[in-house]
Amino acid sequence: MNVALIAIVSAGALGLVLGVVIGLVAKAFYVEVDERVEGVEERLPGANCGGCGFAGCADFAKAVVDERATPGECPVAAPEDVSNIADYLGIVAEEKEKKVAVVRCAGDCANTVRSLYNGVRDCRSAVLVAGGAKGCDYGCLGFGSCADACPFGAIEIRDGLAVVHPELCVGCENCVAACPKDLIIMVPAAADVHVYCNSSEKGAAKRKVCKTACIACRKCVKASGEEDHMLVDGFLIRTNYENPPPPELVEASACPTTALRQATKHAAGAYEGALK
Amino acid sequence: MSDKPRKFKGGVHPKDSKALTESKPIQDAPLLDSYKVIMHQNIGAPPELVVKKGDKVKKGDLLAKAGGFVSVPLHAPTSGTIKAIDKCPGPTGIAVPAIEITADGEDEWGSPFDPIADWKSADPSELKQRVWDAGIVGMGGAGFPAHVKLSPPEGKTIDTLILNGAECEPYLTADHRIMLEHAEDVVCGAAIIARILGLETAVIGVEENKPDAIAQLKEIAGKYKVTVQPLPVNYPQGAEKQLIYAITGREVPIGKLPMDVHCVVQNVASAVAIVEAVVRGRPSIDRVTTVTGKPVVNPGNWRFRTGTPIEKALELAGGVNAQPAKLLLGGPMMGIAQSSLGVTVMKNTSGILLIAADEVSLYTSEPCIRCGRCVEVCPMGILPATISQAVENKRFDWAEELNVMACIECGSCSYICPSHRPLNQHFKRGKIEIQAQLRKKK
């Protein structure tokens, strides 16, 4: 009986002393936390994609509160998210244009010349062997380094070609650096018409290796009439994203190689088998 | 130095297939109508163009001047007109800038340099400048500017000059033929390089599978105080660090250069080019290349001018009698696969190799079974199996910790791997990614 009493009393006393010490220490070493950081983080999409250049959403939220970054720098956040954060912090949100990725190549296995390649199934490794075993030096290798880098599953590898699903793309730009051929660019989400070719070779050379190459026939340039929707860049036509063409231009220009495509239709596979 | 060379750790014994061409004397390739000289043929900075479209040049005239210290000038392979400065398929599969020359058929020499007949009493710095001016690079395959190796920085002393005649790469016999047919030049070149470095002697290392070349060199070597060291047959005996170990017993630490262990290594073909430049006043505009492989009708060794398309080289060798499956520049172990016949011979193109379809096995890469054979054969003593996993999982920091940067890309691990894992390709990727990260940090 006595023994139990001693144990209870001594343990209780010890607990009391330690409790007081912990309480004092917590008071003495208290770190001021800006609760706005948590508030901003709650309002961010929470994808932790690193597209902003910071180590995840928490780090970005801290940077926003410390005014080292603006809410608009989060590539994933929708405009309403951004204004929401700005309202919360009492700052003015800048206008943010949503961007999506485009893989500027339409050369899938059916349309391009390829040599047999039996090495590592990764674009950045494959490019070390004869430039990637594709007839075209500029084209998509299709081993999916970009798809691996995409945290949102917006890139699909279809018949040896990376295809972006614009509705899934949030514009984090992780894929841009993954492509060894520098094929991926970020474009305004409002633009739907793109030239799916990035080869600066002459038309005949391109046609030899790829059926869907842009041969710079300028039909699309003519179809846009007075408007400079399309820009001529040597042996390649590029979309003018300052003045993006309307979707009707694709039909109007009747691109003979289907290099001019609508991103949404391209993602849906509308151009597969379009060339005989 | 002992008579018995040391055996470096690891290595493999691939079938050497040298019999196809080792008895074929070097032939001069006939003059072509046009040449496409690739601009950037050396490791280091690309040279700077000094000619323009429409210019007339004589053979040996300057086309581009060195673009820095680690860079070499480029010279015209024949006399003619500059037709274009255009792009040409490069050896890595990416189009590269090249100078296209239409030959006028005269093949007339310009007056590039005065011969230095009395090199034995010439100033070493004058000789070194000549090596640079002549645009000589390591002709064994790497293409590293020769004059840079001959310029050890302040405080680094050189006591051993090694000439690399190992030619351990299967199929290739260009260096073998050079040592047989131009033994005097090889030995004389060694003596010139020794003079530049302020040395009295030099060693020529030759693998024992070339007894005729060893005998030939030994006959002349004494005249120039040069010794010939037979080496055991073991791939990669011709790799710089392995060669230094075999001959001197010194190990080059990871991340260090041969000059850190007081050695300089030059290829035998480079030595001959140095003799051409110094004694005959001729820049580096041609090289001996082995055209070989089972599908080649008439394999052999030719002296091609730089800028000769591979297609023409193969035509010269009689074309093919079977469908080739693979075209390599260099040998089967370290050669680079090509996607175009339009690639042209460069100063470091040691071989043009065709592999027939029935010689190629299409393996599927299987998981590593941890057998450790790659570790056993790795001449650099690193862990290929573990490093390949690090690279596969994009753990480049880990790969760096495991010393992937020490890999010499000899391919012994890929050769021996029973699971047919593309180990060498992983290391190339890892090295590139790590270098890119280092550049970013700067």
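Contact here means heavy atoms within 4.5 Å, and in this predicted model that criterion identifies what lies over the buried residues of helix α13 of chain B: α5 (123-126) of chain A, together with α9 (373-377), α10 (384-392), α11 (396-401) and α12 (412-416) of chain B. The buried residues of α13(B) include L423(B), F427(B), G430(B) and I434(B), and also the polar or charged Q425(B), R429(B), K431(B) and E433(B). Because 19 residues at 1.5 Å a residue should span 27 Å, the 27 Å between the end C-alpha atoms of α13(B) agrees with the expected length.

The interface between the two chains draws 17 residues from chain B and 16 residues from chain A, and about 1,400 Å² is buried between them, 53% of it on carbon and sulfur atoms. On the side of chain B, L362(B), Q425(B) and R429(B) lose the most area to chain A, together 36% of what that side buries.

| Interface feature, chain B and chain A | Value |
|---|---|
| Salt bridges | three salt bridges |
| Polar contacts | nine residue pairs |
| K394(B) to D122(A), closest N and O atoms | 3.8 Å |

The largest share of the side of chain B that touches chain A, six residues, comes from α13(B).

Elsewhere in chain B, helix α5 (residues 211-221) has A213(B), I214(B), L217(B), I220(B) and A221(B) buried; these residues lie on the same side of α5(B) because they cover an arc of only 135 degrees around the axis. On the other side of α5(B), P211(B) and E219(B) are exposed, while the cover over the buried residues includes α3 (174-181), α4 (183-197), β10 (202-207) and β11 (226-231) of chain B.

How values were computed: Residues are numbered from 1 along each chain as its sequence is written. Chains are lettered from A and ligands numbered from 1 in the order in which they are written. This is a predicted model: local features need pLDDT of at least 70, side-chain atom pairs count only at pLDDT 80 or more; totals for chains, interfaces and linings use all residues. Side-chain values use heavy atoms; hydrogens and water are left out. Buried means under 20% relative accessible area, exposed over 50%, partly exposed in between (1.4 Å probe, protein chains only). Helices (H or I, at least four residues) and strands (E, at least two) are DSSP runs, numbered from the N terminus. The arc is that of the directions from the helix axis to the C-beta atoms. The expected span of a helix is 1.5 Å times one less than its number of residues. Buried area is the accessible area (1.4 Å probe) that two parts lose on being put together, summed over both. A salt bridge is a side-chain nitrogen of Lys or Arg within 4 Å of a carboxyl oxygen of Asp or Glu. A polar contact is a pair of N or O atoms within 3.5 Å; within protein, one must be able to donate a hydrogen and the other to accept it, and residues adjacent in sequence count only if both atoms are side-chain atoms.
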